[in-house]
Amino acid sequence: MSHPCLTCGACCAAYRVSFHWSEAEPDLGGAVPVALTETLGAHQRCMRGTWSDQPHCVALAGIVGQEVTCTIYDARPSPCRELRMSWEDGTPNPQCDRARARYGLPPLTPEDAARAIAH
Ligand code: SF4
Ligand code: SF4
């Protein structure tokens, strides 16, 4: 079974994904491609497409709930690295559950996470 996130992607199309601007500044060690971001206030940037009533990150390829890929996976910003799937650490994550619900996907179960981690 593939990792549940690879057939989901809901959190990449549910929230504004914002972070400190330095994450998109190569001179400061930032790896996020700045062209895929937009300015958000004085100190932040956000992934293009996510500052919207119907967020959808520009870096997300595929169809939410079917098959998805982050096209900048190794260079994704901190909020993406920090958002864990439900039960990954033994507890549910409302952010994961809410994003999935938005696309009619059931919340992950502890068994889903255990299977994913085992692979
Ligand atoms: S963290 Fe949750 S909402 Fe995000 S892709 Fe994975 S399963 Fe889907
Ligand atoms: S950068 Fe990648 S992981 Fe982050 S929201 Fe966009 S598609 Fe999802």
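In which helix is the place of C96? C96 has its place in helix α2, and we will come back to that helix after a look at the ground rules.

This is a predicted model, in which local features need pLDDT of at least 70 and side-chain atom pairs count only at pLDDT 80 or more, while totals for chains, interfaces and linings use all residues. Residues are numbered from 1 along each chain as its sequence is written, chains are lettered from A and ligands numbered from 1 in the order in which they are written, and side-chain values use heavy atoms, with hydrogens and water left out.

**The largest pocket**

Let us start with the open space. The largest pocket has a volume of about 880 Å³, and 37 residues line it. Nearest its centre lie C5, C11, C12, C80 and L83. Three elements give two or more residues to this lining: β5 (67–70), α1 (78–82) and α2 (94–102).

Some terms help here. On a 1 Å grid over the protein atoms alone, a pocket is an open set of points where a 1.4 Å probe fits, with protein on both sides within 12 Å along at least five of seven lines; a lining residue has an atom within 4 Å of a point. The volume is the space filled by probe spheres set on the points, which are joined across faces, edges and corners. Helices (H or I, at least four residues) and strands (E, at least two) are DSSP runs, numbered from the N terminus.

**Two ligands**

What takes up the space of the largest pocket? That space is taken by ligand 1, and ligand 2 sits in the largest pocket too. Sitting in a pocket means that more than half of a molecule's atoms lie within 2 Å of the pocket's grid points. Around ligand 1 we find C5, C8, G9, C11, L83, M85, C96, R100 and L108. The shell of ligand 2 consists of C12, V17, C57, A59, L60, C70, I72, P77 and C80. A residue belongs to such a shell if one of its heavy atoms lies within 4 Å of the molecule.

The table sorts the residues by class: Ala, Val, Leu, Ile, Met, Phe, Trp, Tyr, Cys and Pro count as nonpolar, Asp, Glu, Lys and Arg as charged, and the others, Gly among them, as polar.

| Group | Nonpolar residues | Polar residues | Charged residues |
|---|---|---|---|
| Lining of the largest pocket | 25 | five | seven |
| Shell around ligand 1 | seven | one | one |
| Shell around ligand 2 | nine | no | no |

**Helix faces**

Back to α2, whose buried residues are C96, A99 and R100. Seen down the axis of α2, these fall within an arc of 100°, so they line one face of the helix. On the other side of α2, R98 and A101 are exposed. Buried means under 20% relative accessible area, exposed over 50%, and partly exposed in between (1.4 Å probe, protein chains only). The arc is taken from the directions from the helix axis to the C-beta atoms. C96 counts as buried because its relative accessibility is 9%.

Helix α3 (residues 110–118) has D112, A113 and A116 as its buried residues. Their arc around the axis is only 95°, which puts them on the same side of α3.

**Two more residues**

L60 is found in strand β4 (residues 60–63) and, at 10% relative accessibility, counts as buried. L60 and C8 are 52 residues apart in sequence, yet 11 Å apart in space, C-alpha to C-alpha.

W87 has its place in the loop between α1 and α2. Its phi is near 75°, a positive value in a residue other than glycine. Most residues other than glycine have a negative phi.
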